[in-house]
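Work through the exercises below with the coordinates loaded. Each task is followed by a solution in steps.

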Amino acid sequence: MKIIKQKFQKLLQKSVGLRNQFSKTHYLSLGENCLTDNILARHKLKSFSTPYSHGRNNLDYAIALEKDHYSHLLDSKFLYYDYVGETKVVRNKYYPYADSIYNELHKNGFEFTHHDVLNNDLQRQSYERKIARMLSFNKNHQLKFLYHYRNNDDLNVELIITKAKEFLNFYKEKNIKCEFIFFTQKIVTDKSNRAITKIHDSNNIKGFLLKTLEFWVGDDEDVLWARKDDDLLSELLRDIR
């Protein structure tokens with residue numbers, strides 16, 4: 001019975017994925033880390049993976065990548081190995097610039113956290129497909145990018161909104177309908193104060209503040225993947241559909 005249930009769940013996930021891929025509205029992760037992609041996937045909104053789905057990055061890197069059409073992201077002369085703690089990762093040093101408004105983990109160059117694009121051909125090809133998808137969009141698509149602006153001491157929501165407008169301009173030039181949705185956190189100590197608040201709302205940019213009991217970090221996977229705050233995230237996703 002357990003095996004049948006697992007097979008059914010896999011078939012269901014596959015059918016949802018195909019439905020989302022062929023929909024004219026695509027829900028896509030823009031980072032800053034893997035959490036955003038995970039949220040879209042488990043709430044059955046994810047259309048497909050992007051270059052930002054499984055790494056560490058920031059909005060300045062995304063703007064730079066759009067400017068040069070991702071042409072240097074996989075260039076081996078700009079790739080090198082680095083470590084995050086004891087975890088070996090690949091970084092790209094071509095995109096080093098970022099304003100001081102991001103979490104420290106996201107200001108060290110574009111990080112391929114789970115893909116060895118230097119020495120693993122299959123994983124490199126996976127990224128080539130992700131880039132190809134990003135470059136294939138046209139006016140027949142509607143894009144909704146979800147961006148997790150990680151909490152940090154230099155948080156600057158107004159500047160993120162300004163940068164979001166710059167990012168969206170790349171799609172406006174191609175007559176593609178596109179929205180930028182960002183969310184960030186604020187810690188509260190009383191469970192009764194948990195809440196979600198819309199902090200920005202314009203035609204194509206929306207921002208949300210989630211008041212939670214814990215930051216989405218650490219070894220507890222229910223905290224790390226924000227599953228303890230799925231009720232708040234569900235509200236956010238209902239709003240943007």
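Asp229 counts as buried, at 6% relative accessibility. The model is a predicted one, and the exercises start from this residue.

**Exercise 1. Find the salt-bridge partner of Asp229 and place both residues in the chain.**

Step 1. The partner is Arg194, and the closest N and O atoms of the two residues are 2.9 Å apart.
Step 2. Arg194 lies in the loop between S6 and S7, while Asp229 lies in the loop between H6 and H7.
Step 3. The two residues are 35 apart along the chain, so the pair links distant parts of it.
Step 4. Asp229 is classed as buried because its relative accessibility of 6% is under the 20% cut-off.

**Exercise 2. Which residues are joined into one network by salt bridges that share partners?**

Step 1. The members are Arg56, Asp82, Arg91 and Glu111.
Step 2. The count of salt bridges in the model comes to 21.

**Exercise 3. Helix H5 holds Lys163 and Glu166. Find the salt-bridge partner of each, and decide whether Lys163, Glu166 and Lys67 are buried, partly exposed or exposed.**

Step 1. Lys163 pairs with Asp99, with 2.7 Å between the closest N and O atoms.
Step 2. Asp99 sits in the loop between strand S3 (87–92) and strand S4 (110–112), 64 residues away from Lys163.
Step 3. Lys163 has a relative accessibility of 8%, so it counts as buried.
Step 4. Glu166 pairs with Lys67 at 3.6 Å, N to O.
Step 5. Lys67 belongs to helix H3 (residues 59–67), and 99 residues separate it from Glu166.
Step 6. Lys67 is exposed, because its relative accessibility is 54% and the cut-off for exposed is over 50%.
Step 7. Glu166 is partly exposed, with a relative accessible area of 33%.

**Exercise 4. Give the strand order and the edge strands of the sheet with 5 strands, then place H5 against this sheet.**

Step 1. The sheet is open, its order is S1-S5-S6-S8-S7, and its pairing is mixed.
Step 2. S1 and strand S7 (195–201) are the edge strands, each pairing on one side only.
Step 3. From one strand to the next the twist averages 20°.
Step 4. The mixed pairing can be seen by taking two pairs in turn. S1 and S5 run parallel and are joined by 5 bridges; here Tyr27 stands opposite Lys144 in S5.
Step 5. S7 and S8 run antiparallel and are joined by 6 bridges. Ala195 has Lys211 in S8 as its bridge partner.
Step 6. S7 and S8 make a hairpin, with 3 residues between them.
Step 7. Helix H5 (residues 157–172) lies across S5, S6, S7 and S8, and runs at about 160° to S6.

**Exercise 5. Describe the sheet with 3 strands in the terms of Exercise 4.**

Step 1. This sheet is open, with the order S2-S3-S4 and antiparallel pairing.
Step 2. Its edge strands are strand S2 (79–84) and S4, and each pairs on one side only.
Step 3. The twist averages 40° from one strand to the next.
Step 4. S2 and S3 are paired in the antiparallel sense over 6 bridges.
Step 5. Tyr80 stands opposite Arg91 in S3. Arg91 is also one of the residues in the salt-bridge network of Exercise 2.

**Exercise 6. Which residues of helix H2 are buried, and what covers them?**

Step 1. Within H2 (residues 34–42), the buried residues are Cys34, Leu35, Thr36, Asp37, Ile39 and Leu40.
Step 2. Their cover includes strand S1 (25–29), strand S5 (142–148), strand S6 (177–187), H6 and helix H7 (230–240).
Step 3. S1, S5 and S6 also belong to the sheet of Exercise 4.
Step 4. Just after H2, Lys44 has a positive phi of about 60°.

**Exercise 7. Identify the nonpolar surface patch that contains Val217, and state how exposed Val217 is.**

Step 1. The patch consists of Ile187, Phe215 and Val217, with about 220 Å² of accessible area together.
Step 2. Val217 is located in the loop between strand S8 (205–212) and helix H6 (221–224).
Step 3. Val217 has a relative accessible area of 40%, so it is partly exposed.
Step 4. Patch members need over 30% relative accessible area, and the 40% of Val217 meets this condition.

Notes:
Residues numbered from 1 in each chain as written. Predicted model: local features only at pLDDT ≥ 70, side-chain atom pairs only at ≥ 80, totals over all residues. Heavy atoms only, no water. Patch = residues over 30% accessible without salt bridge, like charges linked within 9 Å, V, L, I, M, F, W, Y side chains within 5 Å. Areas by Shrake-Rupley, 256 points an atom, 1.4 Å probe, with all protein chains shown as cover. Salt bridge = Lys/Arg side-chain N within 4 Å of Asp/Glu carboxyl O. Helix = DSSP H or I, 4+ residues; strand = E, 2+ residues; numbered from the N terminus. Buried < 20%, exposed > 50% of the residue type's maximum accessible area, 1.4 Å probe, protein only. Contact = heavy atoms within 4.5 Å. Pairing = 2+ DSSP bridges. Axes fitted to C-alpha atoms, helices over the stretch in contact; angles between N-to-C directions.
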